[in-house]
Amino acid sequence: QVQLMESGGGSVQPGGSLRLSCAADGYFYSANCLGWFRQAPGKEREGVAVIYTGSGRTYYAADAKGRFTISLDSAKSTMYLQLNSLKPEDTAMYYCAAAPGATGDYCYLTLDYGMDDWGNGTLVTVSS
């Protein structure tokens with residue numbers, strides 16, 4: 001049974017850090033594309049970072065580069081998103097997602113086109 005479950009959200013001051021976790025049961029038995037997306041109030045969902053489990057190759061949205069880091073722990077079937085130097089505009093619901101069977105090349109495109117399977121989200125609030 002496949003399942004995606006996020007945790008680690010919370011409230012933080014500008015400049016602070018958080019680490020989001022995604023328990024991705026069932027997605028580590030074969031190569032898949034996994035990723036993090038976010039949706040701020042009144043805005044459309046946007047891709048943040050994606051990773052191809054087959055190679056570990058990562059792709060980031062422009063605003064995430066240098067501040068956020070996506071990573072995997074295959075032994076724990078868990079994906080992480082380290083959020084550093086947070087800004088108020090990073091406030092959003094963060095979702096982990098998966099594109100089962102996607103190739104490494106397609107993984108890059110999922111930043112724009114989204115994925116097939118979704119978790120319920122974890123809220124990140126950045127405010128002073």
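## A guided tour of the chain

Begin with the whole protein chain in view: of its contacts with a separation of 6 or more, 60% are between residues 24 or more positions apart, a contact being heavy atoms within 4.5 Å. What you see is a predicted model, in which local features need pLDDT of at least 70 and side-chain atom pairs count only at pLDDT 80 or more, while totals for chains, interfaces and linings use all residues. Residues are numbered from 1 along each chain as its sequence is written, and side-chain values use heavy atoms, with hydrogens and water left out.

**The whole chain**

Switch to a cartoon display, where the protein chain shows 1 helix and 11 strands; these elements are DSSP runs numbered from the N terminus, with helices being H or I of at least four residues and strands being E of at least two. Following the chain from the N terminus, you pass through β-β-β-β-β-β-β-β-β-α-β-β.

Along the principal axes, the C-alpha atoms of the protein chain fill a box of roughly 40 × 25 × 25 Å. The radius of gyration of the protein chain is 13 Å, which agrees with the value near 14 Å for a compact globule of 128 residues; it is taken over C-alpha atoms, and the globule rule is 2.2 Å times the number of residues to the power 0.38.

Now turn on a surface, for which about 6600 Å² is accessible in the protein chain, with 45% of that belonging to carbon and sulfur atoms. Such areas come from the Shrake-Rupley method with a 1.4 Å probe, and for residues only the protein chains shown count as cover. Of the 128 residues, 45% count as buried, where buried means under 20% relative accessible area, exposed over 50%, and partly exposed in between (1.4 Å probe, protein chains only).

If you colour by charge, look for 9 positive and 12 negative side chains, whose two centres lie 7 Å apart. Here Lys and Arg count as positive and Asp and Glu as negative, with His and the chain ends not counted, and each charge is placed at NZ of Lys, CZ of Arg, CG of Asp or CD of Glu.

**The disulfides**

Select the cysteines next, to find the 2 disulfides of the structure, a disulfide being a pair of cysteine sulfur atoms within 2.5 Å. Start with Cys-22 and Cys-96, whose sulfur atoms are 2.2 Å apart and whose link is right-handed, with 60° about the S-S bond. Cys-22 lies in strand β3 (residues 18-25) and Cys-96 in strand β9 (residues 92-100), so this pair ties together parts that are 74 residues apart in sequence. Cys-22 is buried, with a relative accessible area of 0%, and Cys-96 is buried, with a relative accessible area of 0%.

Move on to Cys-33 and Cys-107, joined by a disulfide with an S to S distance of 2.0 Å, in a right-handed link with 90° about the S-S bond. This pair connects distant parts of the chain, with Cys-33 in strand β4 (residues 32-39) and Cys-107 in helix α1 (residues 104-113), 74 residues apart. Cys-33 and Cys-107 are both buried. With the bonded cysteines numbered in sequence order, the pairing reads 1-3, 2-4.

**Stops in the loops**

Select Gly-8, in the loop between β1 (3-7) and β2 (10-12), where this glycine is partly exposed at a relative accessible area of 36%. Leaving aside neighbours within four places in sequence, Gly-8 is in contact with Leu-18, Arg-19, Leu-20 and Thr-122. Gly-8 and Cys-22, 14 residues apart in sequence, have their C-alpha atoms 8.8 Å apart in space.

Continue to Arg-45, which sits in the loop between β4 and β5 (46-52) and is partly exposed, with a relative accessible area of 40%. Not counting residues up to four places away in sequence, Arg-45 touches Phe-37, Arg-38, Gln-39, Tyr-113, Gly-114 and Trp-118. Arg-45 is 48 residues from Met-93 in sequence, and 9.2 Å from Met-93 in space, C-alpha to C-alpha.

Finish with two serines, and keep the backbone in view. Most residues other than glycine have a negative phi. Ser-77, in the loop between β7 (68-73) and β8 (78-83), has a positive phi of about 50° although it is not a glycine. Ser-85 also has a positive phi, near 50°; its place is in the loop between β8 and β9, and at 42% relative accessibility Ser-85 counts as partly exposed.
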